[in-house]
Amino acid sequence: MTRCLVDGRPAESVPADDRGLLYGDALFETIAFHDSRAPLWPLHWQRLKRGSDLLGIEVPEQSMLLADCRRLAPPGCAVIVRVSLTRGSGGRAYFPDPARPARRIVQVRDWPVDLDRQRREGLVVITASTTLATGSMLAGLKHANRLEQVLAAQECAAADADEAMVFDNQGALVEAIAANLIVEFGTRAVIPLSDSGVAGVGLAWLEARSDIELERARVTRADLDSASGIMVINSVAGIRPVRQLDGRRLDVTDRCRAWQRLWSHHLS
Ligand SMILES: Cc1ncc(COP(=O)(O)O)c(C=O)c1O
C-alpha cells in the first residue's frame, strides 16, 4: 500500500539536496482525514498559502494536493495525512534558485490508538524549560524549523509526560509542544497571548464559532496555579484536557466536555 507520494508519484525518499532537509526551507500541514474527508481542509489550505506567500514557495493547485491526500486516505478509515511543501532542490546555500520547482510530499500515518483515552482521561503535562523566541516574522506559520519543539519533546519524554507547557522568552505561555492551549479560570476561557508559536487551525475553528466565548490574555506560569482547567487543542487530536500539571491534579470541566462533544459532532 502506498504510504508516501512525492510530486504525486509513489516514493520512499527525496533527493539529499532537498532544501527542506538542508535548511528547513519548507512548510507542512498535518491533517485528520475521516472517511476521505477533512473538514478542516480550508483552514489548513489557508495557512499553507499564507506561509508560501511569505516564503515565496509556489503552492500546487489546491485540487491536485487534495487529490494526493485522498489517494492515501481511503474511504472507511481515519488516518493522519502530512503534507510537506519544500522549496525543492538547487540554489547556492541559503540563496534559492527561483527557477527550480517546489516539491510536494504527502505521507500517511495510522490513527493514534491512545487518542480516545487521552480525550477521556486527560494528559499528564510538565512545564518545559525550553522557551520560544518572540517577535519572529515566521510566528503563526507551520514552517519546518521546529527545533524548539524537538527540545521540548525530549524534556517531555524524559519526564514520562504526555505534553509540555511551552513559554516564550518573556515568560508568557505560548502553547503545548504540538498543540495550542485554552486556560480556564472559572467563567473565563483564555487563549494565551504571545507573538510566537503556531496559529493552530483547531483553535481557529473553535474561536470562529459564535456559541463559544474565548478571550486572549497573557498567561504566566504563576497564573497557571489558579487555573481551574486547561485544554490542549490541535486539529488532529481535538480537545484533550490536562489532568495533571507538574504533579498538581486538575479537574476536567463541564465546558471542556461540552466543547469536546461539539468537536466530535462536527469534525470526526
Ligand atoms: C507547534 C504547534 N503548535 C500548535 C499546533 C496546533 O496546530 P493545528 O491545530 O493546526 O493542528 C501544532 C500542530 O501540530 C504544532 O505543531
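**Ligand shell, domains and core**

Mentor: Helix α6 (residues 201-207) gives the largest share of the shell around the ligand, three residues. This is a predicted model: local features need pLDDT of at least 70, side-chain atom pairs count only at pLDDT 80 or more, and totals for chains, interfaces and linings use all residues. Numbering runs from 1 along each chain as its sequence is written.

Trainee: Why is α6 called a helix?

Mentor: A helix is a DSSP run of H or I of at least four residues, a strand a run of E of at least two, and both are numbered from the N terminus. α6 is given as residues 201-207.

Trainee: Which residues surround the ligand most closely, and what makes a residue near?

Mentor: Near means a C-beta atom, placed from the backbone, within 6 Å of the molecule or strand. The shell has 15 residues, and the closest are V198, G200, G202, N234 and S235.

Trainee: What makes G200 and G202 polar here?

Mentor: Ala, Val, Leu, Ile, Met, Phe, Trp, Tyr, Cys and Pro count as nonpolar; Asp, Glu, Lys and Arg as charged; the others, Gly among them, as polar. The shell has six nonpolar, eight polar and one charged residues.

Trainee: How many helices and strands are there, and how compact is the chain?

Mentor: The chain has eight helices and 14 strands. Its radius of gyration is 19 Å, close to the 18 Å of the globule rule for 268 residues, so the chain is as compact as a globular protein of that length. The radius is taken over C-alpha atoms; the rule is 2.2 Å times the number of residues to the power 0.38.

Trainee: Where do the domain bounds come from, and what joins the two domains in contact?

Mentor: The bounds come from an automatic or database domain assignment. It gives domain 1 (4-111) and domain 2 (116-267). Contact means C-beta atoms, placed from the backbone, within 7 Å. By that test, 18 residues of domain 1 are in contact with 13 of domain 2. On the domain 1 side, β3 gives the largest share, seven residues.

Trainee: Why is V232 counted in a nonpolar core?

Mentor: Such a core is a set of buried Ala, Val, Leu, Ile, Met, Phe, Trp, Tyr and Cys residues joined through C-beta atoms within 7 Å. Buried means 20 or more other C-beta atoms within 10 Å of a residue's own; 12 or fewer is exposed, and in between is partly exposed. The largest core has 64 residues, and V232 is among those with the most contacts inside it. Beyond four places in sequence, V232's contacts include L123, A176, A179, L181 and V242.
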